[in-house]
Amino acid sequence: MFDLARTLTTDSKPELYSELASELTALVDGERDSIAHMANAAALLFHRLPRLNWAGFYRLVGEELVLGPFQGKPACIRIPVGQGVCGTAVARRASIVVPDVDAFPGHIACDSASRSELVVPLIRDGRISGVLDLDSPERGRFDEHDQRGCEQLVAILMRACDPF
Ligand code: SME
């Protein structure tokens with residue numbers, strides 16, 4: 001198993017995300033409930049990815065994102081589409097890596113410890129049903145390997161859930 005005591009380098013990220021893909025695939029086996037799967041995915045990511053202070057989901061309900069299963073400190077409940085990093089990812093229908101949240105206009109600070117962020121939209125058959133949001137207390141924590149790895153995890157999750 002990937003040794004968390006080992007420094008997470010760009011080279012070792014693909015190995016970690018490959019393990020996380022296997023672990024998530026095992027966790028979703030035999031079940032279709034989206035809330036249960038988002039809850040377990042948030043716990044998996046929060047405990048297996050180093051240097052995070054928040055990992056969780058927002059569901060798209062009408063024109064707003066509504067807080068879903070997460071790990072970390074309590075967070076803001078509603079984010080309109082187009083606002084914050086999460087709402088911007090929905091409006092753009094694309095993942096967003098924010099190396100420095102202070103440099104992202106409109107960033108919504110739920111936890112003042114957050115310094116960088118990665119948001120991946122949940123898309124199935126062209127329809128967005130929410131976002132995965134990861135926060136780190138470290139600037140520049142996320143790169144394209146994290147983005148690609150999390151997009152693959154989100155794809156596993158969306159295939160495993162009933163539409164929501
Ligand atoms: N920072 C996010 C808000 C959600 S929290 O980080 C959990 C944003 O700007 O959309």
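Let me begin with one pairing: strand 4 and strand 5, the latter covering residues 116-124, run antiparallel and are joined by 3 bridges. Within that pairing, Ile-96 has Val-119 of strand 5 as its bridge partner. I should state at once that we are looking at a predicted model.

From this pairing we may move outwards to the sheet. The sheet is open and is formed by 6 strands, ordered 3-2-1-6-5-4, with antiparallel pairing. Its edge strands are strand 3, residues 78-80, and strand 4, residues 96-98, each of which pairs on one side only. On average, neighbouring strands of this sheet are turned by 25° against each other, with direction ignored. As a general reminder, the strands of a sheet pair through backbone hydrogen bonds, in either a parallel or an antiparallel manner.

Let me now place the sheet within the chain. The protein chain contains 4 helices and 6 strands. Read from the N terminus, its elements follow the order α-α-β-β-β-α-β-β-β-α.

What lies across the strands? Helix 3, residues 84-92, lies across strand 1 (54-61), strand 2 (64-72), strand 3, strand 4, strand 5 and strand 6 (127-136). Relative to strand 5, helix 3 runs at about 40°. How many of the 9 residues of helix 3 are buried? The count is 7, and the helix is accordingly described as mostly covered. The buried residues are Gly-84, Val-85, Cys-86, Gly-87, Thr-88, Ala-89 and Val-90. These buried residues pack against strand 1, strand 2, strand 3, strand 4, strand 5 and strand 6.

Thr-88 deserves individual attention. This residue sits in helix 3. Is Thr-88 buried or exposed? Thr-88 is classed as buried because its relative accessible area is 14%, and the cut-off for burial is under 20%. If neighbours within four places in sequence are set aside, the contacts of Thr-88 are Gly-82, Gln-83, Ile-96 and Phe-104. Ile-96 thus returns to our account: Thr-88 touches Ile-96, and Ile-96 is bridged to Val-119 in strand 5.

After helix 3 comes Arg-93, in the loop between helix 3 and strand 4. Arg-93 is not a glycine, yet its phi is positive, at about 55°. Its relative accessibility is 46%, so Arg-93 counts as partly exposed.

A second arginine may be set beside it. Arg-51 is found in the loop between helix 2 and strand 1. Here too phi is positive in a residue other than glycine, with a value near 60°. Arg-51 is partly exposed, because its relative accessible area is 34%.

I turn next to the N-terminal part of the chain. Helix 1 spans residues 13-28, which makes 16 residues. From first C-alpha to last, helix 1 reaches 22 Å, close to the 22 Å expected at 1.5 Å a residue. Which residues of helix 1 are buried? They are Lys-13, Leu-16, Tyr-17, Glu-19, Leu-20, Ala-21, Leu-24 and Val-28. An α-helix has 3.6 residues a turn, so residues three or four places apart point the same way. The cover over the buried residues of helix 1 includes helix 2, residues 34-48, and helix 4, residues 144-160. Helix 1 is followed by Gly-30, which has a positive phi near 80°.

For contrast with the buried positions, consider Pro-105. This residue lies in the loop between strand 4 and strand 5. Pro-105 is classed as exposed because its relative accessible area is 73%. Between the C-alpha atoms of Pro-105 and Met-158 there are 30 Å, and the two residues are 53 apart along the chain.

Finally, the chain as a whole. For 164 residues, a compact globule would have a radius of gyration near 15 Å, and the 15 Å of this chain agrees with that. Along the principal axes, the C-alpha atoms fill a box of roughly 40 × 40 × 25 Å. Of the 164 residues, 51% are buried. The accessible surface amounts to about 7700 Å², with 52% of it belonging to carbon and sulfur atoms. Among contacts between residues at least 6 apart in sequence, 54% join residues at least 24 apart.

Key:
Residues numbered from 1 in each chain as written. Predicted model: local features only at pLDDT ≥ 70, side-chain atom pairs only at ≥ 80, totals over all residues. Heavy atoms only, no water. Helix = DSSP H or I, 4+ residues; strand = E, 2+ residues; numbered from the N terminus. Expected span 1.5 Å × (residues − 1). Buried < 20%, exposed > 50% of the residue type's maximum accessible area, 1.4 Å probe, protein only. Contact = heavy atoms within 4.5 Å. Pairing = 2+ DSSP bridges. Axes fitted to C-alpha atoms, helices over the stretch in contact; angles between N-to-C directions. Rg over C-alpha atoms; globule rule 2.2 N^0.38 Å. Areas by Shrake-Rupley, 256 points an atom, 1.4 Å probe, with all protein chains shown as cover.
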